[in-house]
Amino acid sequence: MASSAAPFILNFTGFAAFVFLFLIVGCTARPFYPLPSKNNADGSRQPLQTFRPFNIAHRGSNGELPEETAPAYMRAIEEGADFIETDILSSKDGVLICFHDVTLDDTTDILNHKEFANRKRTYEVQGVNTTGFFIVDFTLKELKSLRVKQRYRFRDQQFNGKFQIITFEEFISIALDASRVVGIYPEIKNPVLINQHVKWPGGKRFEDKFVETLKKYGYKGSYLSKDWLKQPAFVQSFAPTSLVYISNQTDLPKIFLIDDINIPTQDTNQSYWEITSDSYFDYIKQYVVGIGPWKDTVVPVVNNYLQTPTDLVARAHAHNLQVHPYTYRNENLFLHFNFKQDPYEEYDYWINQIGVDGLFTDFTGSLHKFQERTSANPSNHQDDSSASKLLHKIALLVSSYKG
């Protein structure tokens with residue numbers, strides 16, 4: 001989100017070859033990615049780092065490539081992401097896909113497809129009548145015929161129209177086939193809308209299909225358990241009822257996303273002040289391991305200058321909840337004046353002064369380079385799960401007193 005974006009340069013031969021191959025097969029409706037392989041199932045891959053805040057690739061490396069596409073996720077992994085993040089919605093025929101908006105208008109070439117001109121609808125989305133081409137009105141085959149484009153005009157446009165929408169299973173395969181352990185961070189997106197418009201056999205809900213997919217590919221285990229470290233995953237949602245509902249189906253760690261102070265929860269219509277109260281933290285910590293707030297609610301902003309930080313992080317830590325704010329972006333448009341157009345200064349502030357436990361970023365490579373240069377790597381942090389747990393607890397205690 002800035003005034004301009006530097007031209008994207010393919011720095012890695014392997015990545016360039018991948019993109020070339022992807023473009024060759026992209027015109028077909030068949031998924032490019034096979035189901036997850038077992039090539040790396042022997043435990044020989046470099047494990048997930050747990051000694052510093054998590055680098056969460058927000059919709060992939062979408063500062064460089066169109067969001068939530070296979071190349072964006074591959075790029076994020078090459079750049080050092082700990083987790084690749086995605087939004088999960090559903091097609092009309094019940095296939096879970098990776099896409100952020102409930103409408104296709106802003107980030108696909110839907111307007112170029114005259115065969116779909118009569119599909120525009122108006123539905124209520126979170127209390128607002130919204131008009132557009134809704135994902136829930138298209139089958140997977142139809143969605144695969146579309147091509148994705150960059151959301152922001154000031155970012156690199158050269159890959160517009162070249163990549164398909166991918167399924168949740170294809171997304172999982174990217175993580176499982178990586179040369180090192182890479183976690184996934186899927187969001188149960190707009191569950192109220194999805195459950196209204198998509199029906200599955202046996203009365204199953206969107207959340208049921210979501211958890212079934214995770215289980216199908218071996219995702220299980222509580223935070224930092226042996227199973228979790230083998231295939232790390234956080235499950236996130238803005239809908240607290242969805243997180244509570246799936247808590248009976250999976251022990252995977254869950255993150256409760258928190259929107260702007262003026263936006264109520266989409267399913268329970270609760271205010272920001274209610275869901276960030278100590279009493280609500282006491283309740284929600286039974287079901288989640290952390291919160292994912294919009295960063296400008298953690299540190300308010302006036303005229304593009306940071307104000308005095310709130311006590312949200314300290315209070316969350318006091319309730320043993322992690323804090324993973326969103327979204328960090330390199331461009332000047334999104335860097336508050338305090339950081340003097342330097343994203344490294346922003347990372348330093350949030351990690352070392354505010355004390356967050358993970359960061360959603362559009363520029364995975366920048367955060368990785370910053371952390372590689374500034375954080376120490378304990379030699380045994382990857383080998384001893386007990387030590388990892390102890391280090392994490394110490395970090396939470398220390399960060400509660402920072403800022």
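These legends describe close-up views of a predicted model. Local features need pLDDT of at least 70 and side-chain atom pairs count only at pLDDT 80 or more, while totals for chains, interfaces and linings use all residues. Residues are numbered from 1 along each chain as its sequence is written, and side-chain values use heavy atoms, with hydrogens and water left out.

**View 1. Helix α2 is mostly covered.** The helix spans residues 70-78. Helices (H or I, at least four residues) and strands (E, at least two) are DSSP runs, numbered from the N terminus. Seven of the nine α2 residues are buried (under 20% relative accessible area; exposed is over 50%, partly exposed in between; 1.4 Å probe, protein chains only). They are Ala70, Pro71, Ala72, Tyr73, Arg75, Ala76 and Ile77. Gly80 follows α2, and its phi is positive, near 110°.

**View 2. Surroundings of Ile84 in strand β2.** The strand covers residues 83-90. Ile84 counts as buried because its relative accessibility is 0%. Its contacts (heavy atoms within 4.5 Å), leaving aside neighbours within four places in sequence, include Tyr73, Ala76 and Ile77. Ala57, Phe171, Ile174 and Ala175 are also among the contacts of Ile84, as are Val182, Gly183, Ile184 and Tyr185. Met74 is 10 residues from Ile84 along the chain, with 9.2 Å between their C-alpha atoms.

**View 3. Helix α4 crosses helix α6.** α4 holds residues 168-176 and α6 residues 206-216. Their axes come within 11 Å and cross at roughly 35°. Axes are lines fitted to C-alpha atoms, for helices over the stretch in contact; angles run from 0 to 180 degrees between N-to-C directions. The crossing is right-handed (near helix turned clockwise from the far one by less than a right angle; anticlockwise is left-handed). Phe168, Glu169 and Ile172 of α4 meet Phe210, Thr213, Leu214 and Lys216 of α6. By class, four of these residues are nonpolar, one is polar and two are charged. Ala, Val, Leu, Ile, Met, Phe, Trp, Tyr, Cys and Pro count as nonpolar; Asp, Glu, Lys and Arg as charged; the others, Gly among them, as polar.

**View 4. Helix α13 crosses helix α14.** The two axes come within 10 Å and cross at roughly 65°. α14 runs over residues 364-374. This crossing is right-handed. α13 supplies Tyr344, Tyr347, Asp348, Ile351 and Asn352 to the contact. α14 supplies Ser366, Leu367, Lys369, Phe370, Gln371 and Arg373. The classes are five nonpolar, three polar and three charged.

**View 5. Two of the 33 aromatic pairs in the structure.** Rings of Phe, Tyr and Trp (its six-membered ring) pair if their centres lie within 6.5 Å; planes under 30 degrees apart are stacked, over 60 edge-to-face, the rest tilted. Tyr152 and Phe154 are stacked, 5.3 Å centre to centre with 10° between the planes. Tyr152 counts as buried because its relative accessibility is 18%. Tyr328 and Trp350 are edge-to-face, at 5.6 Å and 75°. Tyr328 lies in the loop between β13 (322-323) and α13 (343-354), and Trp350 in α13, 22 residues apart. Both Tyr328 and Trp350 are buried.

**View 6. Charged ends over aromatic rings.** A charge sits over a ring if NZ of Lys or CZ of Arg is within 6 Å of the ring centre and within 35 degrees of the ring normal. Arg119 places its charged end over Phe138, 5.0 Å from the ring centre. Lys295 does so over Tyr328, at 5.4 Å.
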